[in-house]
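Thanks, everyone. I have one structure to go through today, and I will keep to what can be read from the coordinates.

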Amino acid sequence: DTTAGPTDQWDDAADSDGDGYLSLAELTAAAPALSASFDAMDVDKDDKLTRGEFRSWNESRKARVNTDD
């Protein structure tokens, strides 16, 4: 998924090599607290996050938080 669009917490500076994806190392450097969730985010298990994978994970996380209220 190469769909561009607004996402929460994905700063273009986090993609340090500019390839359009986030590796575990890039995610860890940019948002250490999220690195433990990398495997859950990486749906296709190619060791890189697309914006779509990140957006889907973030939306599902928000939905879980909202239903827990």
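A residue is called buried here when its relative accessible area is under 20%, and exposed when that area is over 50%. On that basis, 32% of the 69 residues of the protein chain count as buried. Please keep in mind throughout that this is a predicted model.

Confidence first, then. The mean pLDDT of the protein chain is 85, and 84% of its residues are at 70 or more. The weak stretch is residues 1-7, where the pLDDT is below 50. In the model that stretch still has 13 contacts beyond near neighbours in sequence, and I would ask you to read those contacts with the pLDDT in view. Among the helices, helix 2 has the highest confidence, with a mean of 96, and helix 3 the lowest, with a mean of 86.

Now the fold. The protein chain has three helices and zero strands, which along the sequence gives the pattern α-α-α. Helix 1 covers 24-30, helix 2 covers 38-41, and helix 3 covers 51-68. As for contact range, take the contacts between residues at least 6 apart in sequence: 43% of them join residues at least 24 apart.

What makes up the largest nonpolar core? It has 11 residues: Trp 10, Ala 14, Leu 22, Leu 27, Ala 31, Leu 34, Phe 38, Met 41, Leu 49, Phe 54 and Trp 57. Helix 2 and helix 3 are the elements that contribute two or more residues to this core. Met 41 is a useful residue to click on. Leaving aside residues up to four places away in sequence, Met 41 touches Leu 27, Leu 34, Leu 49, Phe 54 and Trp 57, and also Glu 53.

Two of those partners, Phe 54 and Trp 57, take us to the aromatic rings. A search of the whole structure gives one aromatic pair, and Phe 54 and Trp 57 form it. Their ring centres are 6.1 Å apart, with 40° between the planes, so the pair is classed as tilted. How are these two residues placed in helix 3? They are three residues apart, and therefore separated by about one helical turn. Both Phe 54 and Trp 57 are buried.

A second ring to look at is Tyr 21. Lys 48 lies over the face of Tyr 21, 4.2 Å from the ring centre.

Next, charge pairs. The structure holds one salt bridge. The side chains of Asp 12 and Arg 51 form it, with an N to O distance of 2.2 Å. Where do the two partners sit in the chain? Asp 12 is in the segment before helix 1, whereas Arg 51 is in helix 3, 39 residues away, so the pair links distant parts of the chain. Asp 12 has 53% relative accessibility and therefore counts as exposed.

Last, the backbone in the loop between helix 2 and helix 3. Lys 45 lies in that loop and has a positive phi of about 55°, although it is not a glycine. Asp 47 is also in the loop between helix 2 and helix 3. Asp 47 has a positive phi too, of about 65°, and is likewise not a glycine. Are these residues buried or exposed? Lys 45 is exposed, with a relative accessible area of 53%, and Asp 47 is exposed as well, at 58%.

That is the tour; I can go back to any of these sites.

Definitions and conventions:
Residues are numbered from 1 along each chain as its sequence is written. This is a predicted model: local features need pLDDT of at least 70, side-chain atom pairs count only at pLDDT 80 or more; totals for chains, interfaces and linings use all residues. Side-chain values use heavy atoms; hydrogens and water are left out. A nonpolar core is a set of buried Ala, Val, Leu, Ile, Met, Phe, Trp, Tyr and Cys residues joined through side-chain atoms within 4.5 Å. Buried means under 20% relative accessible area, exposed over 50%, partly exposed in between (1.4 Å probe, protein chains only). Helices (H or I, at least four residues) and strands (E, at least two) are DSSP runs, numbered from the N terminus. Contact means heavy atoms within 4.5 Å. Rings of Phe, Tyr and Trp (its six-membered ring) pair if their centres lie within 6.5 Å; planes under 30 degrees apart count as stacked, over 60 as edge-to-face and the rest as tilted. A charge sits over a ring if NZ of Lys or CZ of Arg is within 6 Å of the ring centre and within 35 degrees of the ring normal. pLDDT is the predictor's confidence in each residue, from 0 to 100. A salt bridge is a side-chain nitrogen of Lys or Arg within 4 Å of a carboxyl oxygen of Asp or Glu.
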